[in-house]
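Here's a quick briefing to read with the model open beside you. Let's start at the surface and then work through the rest, topic by topic.

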Amino acid sequence: MGGFQRVCALSDLREESALGVEVDGQPVCLALAAGQVFAIRDECSHAEVLLSHGEVEDARIECWLHGSQFDLATGEPIGLPATEPVPVYPVQIDGDDVLVDVGPS
């Protein structure tokens, strides 16, 4: 399908927390940190578990299984055991709607 799609209401997100959604069959983790919404693939590159079950702090998300952290803006791993980044997706806010585009950039 591609393009920006509504995934939730902005009011569904809480500061320093994550929400798992699906967009075009892709698992997406939405996180609200410092007033900004981030969208990152909802799968740790190390253990293939849901990042949305992890802790959000300082624009990072921590995988609940082994503790790897990822930068929410870039998807880059910040701590071992993960060494590979996870994809990040563009986000738009339209009123109270959160829109995400998981298509190729």
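Start with the charge: E15, E16, E55, E57, D58 and E62 come together on the surface as a patch of negative charge. Keep in mind that this is a predicted model. The chain itself has 10 strands and zero helices.

**Surface patches**
- One member of the negative patch, E15, sits in the loop that runs between β1 (residues 5-9) and β2 (residues 17-23).
- E15 counts as partly exposed because its relative accessibility is 41%, and a residue has to be over 50% to be called exposed.
- E15 also has a neighbor from far along the sequence: V56 is 41 residues away, yet the two C-alpha atoms are 8.7 Å apart.
- There's a nonpolar patch on the surface too, made by L50, W64 and L65 and covering about 280 Å².
- Within that trio, L65 belongs to the loop between β6 (60-62) and β7 (69-71).
- L65 comes out as partly exposed, because its relative accessibility is 39%.

**Overall build**
- Walk along the sequence and you get β-β-β-β-β-β-β-β-β-β.
- The radius of gyration is 13 Å, close to the 13 Å that the globule rule gives for 105 residues, so the chain is as compact as a globular protein of that length.
- If you box in the C-alpha atoms along the principal axes, you need roughly 35 × 30 × 20 Å.
- As for burial, 38% of the 105 residues count as buried.
- Q5, in strand β1, is one to look at: its relative accessible area is 17%, so it is buried.
- For a sense of distance, the C-alpha atoms of Q5 and V49 are 24 Å apart, with their positions 44 residues apart along the chain.

**Salt bridges**
- How many salt bridges does a search of the whole structure find? The count is two.
- One pairs the side chains of R6 and D97, with 2.7 Å from N to O.
- That pair ties together distant parts of the chain, since R6 is in strand β1 and D97 is in strand β10 (residues 97-100), 91 residues apart.
- D97 has a relative accessible area of 27%, which means it is partly exposed.
- The other bridge brings together the side chains of R41 and E43, at 3.2 Å from N to O.
- E43 is partly exposed as well, because its relative accessibility is 26%.

**Backbone oddities**
- Where is the cis peptide bond? It joins L80 and P81, and omega there is about 15°.
- P81 is placed in the loop between β7 and β8 (88-89).
- A34 isn't a glycine, but its phi is positive, near 55°.
- You'll find A34 in the loop between β3 (26-33) and β4 (36-41).
- Is A34 buried or exposed? With a relative accessible area of 72%, it is exposed.
- E48 is another residue other than glycine with a positive phi, near 55°.
- E48 lies in the loop between β4 and β5 (55-57).
- E48 has a relative accessible area of 64%, so it counts as exposed.

Methods
Residues are numbered from 1 along each chain as its sequence is written. This is a predicted model: local features need pLDDT of at least 70, side-chain atom pairs count only at pLDDT 80 or more; totals for chains, interfaces and linings use all residues. Side-chain values use heavy atoms; hydrogens and water are left out. Patches are made of residues with over 30% relative accessible area and no salt bridge: like charges are joined within 9 Å, nonpolar side chains (Val, Leu, Ile, Met, Phe, Trp, Tyr) within 5 Å. Accessible areas come from the Shrake-Rupley method with a 1.4 Å probe; for residues, only the protein chains shown count as cover. A salt bridge is a side-chain nitrogen of Lys or Arg within 4 Å of a carboxyl oxygen of Asp or Glu. Lys and Arg count as positive and Asp and Glu as negative; His and the chain ends are not counted. The place of a charge is taken as NZ of Lys, CZ of Arg, CG of Asp or CD of Glu. Helices (H or I, at least four residues) and strands (E, at least two) are DSSP runs, numbered from the N terminus. Buried means under 20% relative accessible area, exposed over 50%, partly exposed in between (1.4 Å probe, protein chains only). The radius of gyration is taken over C-alpha atoms; the globule rule is 2.2 Å times the number of residues to the power 0.38.
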